[in-house]
Amino acid sequence: MISTIDFVPGDIVKVYQKIQEGEKTRTQIFEGVILGIKGRGENKMFTVRKMVGDVAVERIFPIGSPS
């Protein structure tokens, strides 16, 4: 969980996310550029874009998520 926001759009970040598959848990890393930050309070989210070859992949992460 993120307690303070110390990044701005344009920064490159690594987001570590816990993924549970059945009984096992693994950590997935998503590294890319911050596109924007939306929302306020507990509903704040940020969008990250990474390039995989010639394809851009975007994911939205909630800031208050414990995973």
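Two strands count as paired if DSSP finds at least two bridges between them, and strands themselves are DSSP runs of E with at least two residues, just as helices are runs of H or I with at least four, numbered from the N terminus. The model on screen is predicted, and for that reason local features need pLDDT of at least 70 and side-chain atom pairs count only at pLDDT 80 or more, while totals for chains, interfaces and linings use all residues. Residues are numbered from 1 along each chain as its sequence is written, and side-chain values use heavy atoms, with hydrogens and water left out.

**The whole chain**

Begin with the complete C-alpha trace, which spans about 35 × 35 × 15 Å along its principal axes. Colouring by secondary structure shows four strands and zero helices, in the pattern β-β-β-β when read along the sequence. Of the 67 residues, 21% are buried, where buried means under 20% relative accessible area, exposed means over 50%, and partly exposed lies in between, with a 1.4 Å probe and protein chains only. If contact is taken as heavy atoms within 4.5 Å, then among contacts between residues at least 6 apart in sequence, 30% join residues at least 24 apart.

**The sheet**

Select the four strands together: they form an open sheet with the order S1-S2-S3-S4 and antiparallel pairing. Its edge strands are S1 and S4 (55–62), each of which pairs on one side only. Neighbouring strands of this sheet are turned by 45 degrees against each other on average, direction ignored; the axes behind this angle are lines fitted to C-alpha atoms, and angles run from 0 to 180 degrees between N-to-C directions.

**From S1 to S2**

Next, select residues 12–21 (S1) and 24–38 (S2), two antiparallel strands that are joined by ten bridges. Two pairs to label here are Lys14, which stands opposite Glu31 in S2, and Gln20, which stands opposite Thr25 in S2. Moving to the hairpin of these strands, with two residues between them, one finds Gly22 with a positive phi near 70 degrees.

**From S2 to S3**

Keep S2 displayed and add residues 45–52 (S3), which run antiparallel to S2 and are joined to S2 by five bridges. Val33 stands opposite Arg49 in S3, and the bridge partner of Ile37 in S3 is Phe46. The hairpin between S2 and S3 has six residues between the strands, and within this hairpin Gly39 takes a positive phi near 90 degrees.

**Gln17, Arg59 and the rings**

Now centre the view on Gln17, which lies in strand S1 and counts as buried because its relative accessibility is 18%. The side chain of Gln17 makes a polar contact with the side chain of Arg59 at 2.9 Å, a polar contact being a pair of N or O atoms within 3.5 Å in which, within protein, one must be able to donate a hydrogen and the other to accept it, and for which residues adjacent in sequence count only if both atoms are side-chain atoms.

Staying with Arg59, bring up Phe30: Arg59 lies over the face of Phe30, at 5.6 Å from the ring centre. A charge sits over a ring if NZ of Lys or CZ of Arg is within 6 Å of the ring centre and within 35 degrees of the ring normal. Phe30 also belongs to one aromatic cluster with Phe7, Phe46 and Phe61.

**Thr47**

Which residues does Thr47 touch, not counting residues up to four places away in sequence? Thr47 is found in strand S3, and its contacts are Val33, Ile34, Leu35, Gly36, Glu58, Arg59 and Ile60. Thr47 counts as buried because its relative accessibility is 13%.

**Asp11**

Finally, select Asp11, which is found in the segment before S1 and counts as partly exposed because its relative accessibility is 28%. A polar atom of the Asp11 side chain lies 3.0 Å from the backbone nitrogen of Val8. Asp11 touches Gly32, Val33 and Ile34, not counting residues up to four places away in sequence. To end the tour, draw the C-alpha to C-alpha distance from Asp11 to Val48, which are 37 residues apart in sequence and 9.6 Å apart in space.

Notes. Phe/Tyr/Trp six-rings, centres within 6.5 Å; stacked < 30°, edge-to-face > 60°.
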